[in-house]
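Please load the model in a viewer and keep a selection panel at hand. The tour proceeds by selections, each followed by a short account of what is found there.

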Amino acid sequence: GQCLYISIIDQNAGMINDPILLKLGEDHFWLSIADSDVLLWAKGLSLGYGFDVMVDEPDVSPLAVQGPRAEMLMEKVFGPCVRNIGFFYFDTVDFKGDPLHVSRSGYSKQGGFEIYFSGFDLGSKLWDLIWDNGKKFNISAGCPNLIERIEGGLLSYGNEFTIQNNPFECNFDKFFNLDSEHNFVGKEKLKTIKQNGIKKKIKGIIFDGGPCPPCSKPFPVFSKKGIKIGQITSGIYNPRLEKNTGLSMIDNEFWEEGNYLDIETFDNKIREGIVSSIPFN
């Protein structure tokens with residue numbers, strides 16, 4: 001009944017994926033993966049270690065209901081049991097005779113739920129039911145909001161980090177334990193990285209200069225002495241803060257909060273910025 005945010009790494013401690021793990025039983029787990037291939041990695045591990053297992057992808061699809069009214073809508077659809085689901089926990093609910101796993105999770109800081117259902121044909125029926133019941137709550141179709149994602153410090157695989165980055169650089173230290181007896185791929189490499197010191201980390205940046213252009217390519221980030229120290233991989237104007245906000249992997253000499261730096265955007269502007277904690281306050 002519990003969910004965990006986990007890091008999957010290779011032998012060099014490079015990030016392969018950052019999925020949510022759902023524990024369905026003592027020997028039954030699901031991985032709700034991010035934007036990279038995990039199936040081939042799992043197949044490679046099973047072959048390399050000589051495991052007598054079948055590696056396959058289940059016919060399971062997720063549907064997210066997010067926002068400040070998500071709990072009211074989910075209660076209307078599935079009953080009051082959803083209110084008892086704790087943060088990063090899940091429960092099984094009935095949908096016309098089919099069991100659904102409903103977790104209190106999602107790619108949003110507003111709160112909400114993710115519904116995991118087996119069988120592709122259930123998708124349109126479930127969508128229609130939620131949509132019809134959601135009209136009184138002003139429901140709308142959507143996707144992760146870039147402003148809210150950056151403000152909340154929610155990272156995107158392939159943007160903020162790739163297989164070239166390790167969990168320390170992504171601020172994922174709290175999601176693994178190097179002192180446990182449990183062994184895993186990349187553990188020794190993580191110990192070496194920790195011993196040698198972390199070279200860079202993802203930080204928030206708040207910068208001036210009016211609403212920035214779309215960050216279709218990374219914005220270079222420079223120290224006040226003109227040294228390139230990182231790049232903003234996701235950036236956008238934040239109307240609540242009335243500033244531009246971005247996420248950037250910054251070299252360790254410059255990542256302290258409050259440090260001033262310069263950002264070069266694609267409208268040929270050099271904008272002054274400051275290193276911030278994430279989530280942004």
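Is Cys143 buried or exposed? Select Cys143 to begin: in this predicted model, the residue is exposed, with a relative accessible area of 65%. Its sulfur is 17 Å from the closest cysteine sulfur, in Cys215, which is too far for a bond. A search of the whole structure finds zero disulfides. Cys81, accordingly, is in no disulfide, and the nearest cysteine sulfur, that of Cys3, is 15 Å away. Cys81 is partly exposed, at 28% relative accessible area.

Next, display the aromatic side chains; the structure holds eleven aromatic pairs. Select Tyr5 and Phe172: their ring centres are 5.4 Å apart and their planes stand at 90°, so the pair is edge-to-face. This pair links distant parts of the chain, with Tyr5 in strand β1 (residues 3-5) and Phe172 in the loop between α4 (146-152) and α5, 167 residues apart. Phe172 is buried, at 4% relative accessible area, whereas Tyr5 is partly exposed, at 23%. Extend the selection to Tyr157, Phe161 and Phe175, which ring pairs link with Tyr5 and Phe172 into a cluster.

Phe161 also leads to the largest nonpolar core, which has 32 residues; Phe161, Ile205, Ile232, Leu261 and Ile263 have the most contacts inside it. Elements giving two or more residues to this core include α5 (187-196), β12 (228-238) and β14 (260-265). A second, separate core of 20 residues includes Met74, Phe78, Val93 and Phe95.

Centre on Leu261: beyond its sequence neighbours within four places, its contacts include Ile205, Val221, Arg271 and Val275. Finally, select Lys201, which lies over the face of Trp255, at 5.5 Å from the ring centre.

Technical notes. Residues are numbered from 1 along each chain as its sequence is written. This is a predicted model: local features need pLDDT of at least 70, side-chain atom pairs count only at pLDDT 80 or more; totals for chains, interfaces and linings use all residues. Side-chain values use heavy atoms; hydrogens and water are left out. A nonpolar core is a set of buried Ala, Val, Leu, Ile, Met, Phe, Trp, Tyr and Cys residues joined through side-chain atoms within 4.5 Å. Buried means under 20% relative accessible area, exposed over 50%, partly exposed in between (1.4 Å probe, protein chains only). Helices (H or I, at least four residues) and strands (E, at least two) are DSSP runs, numbered from the N terminus. Contact means heavy atoms within 4.5 Å. A disulfide is a pair of cysteine sulfur atoms within 2.5 Å. Rings of Phe, Tyr and Trp (its six-membered ring) pair if their centres lie within 6.5 Å; planes under 30 degrees apart count as stacked, over 60 as edge-to-face and the rest as tilted. A charge sits over a ring if NZ of Lys or CZ of Arg is within 6 Å of the ring centre and within 35 degrees of the ring normal.
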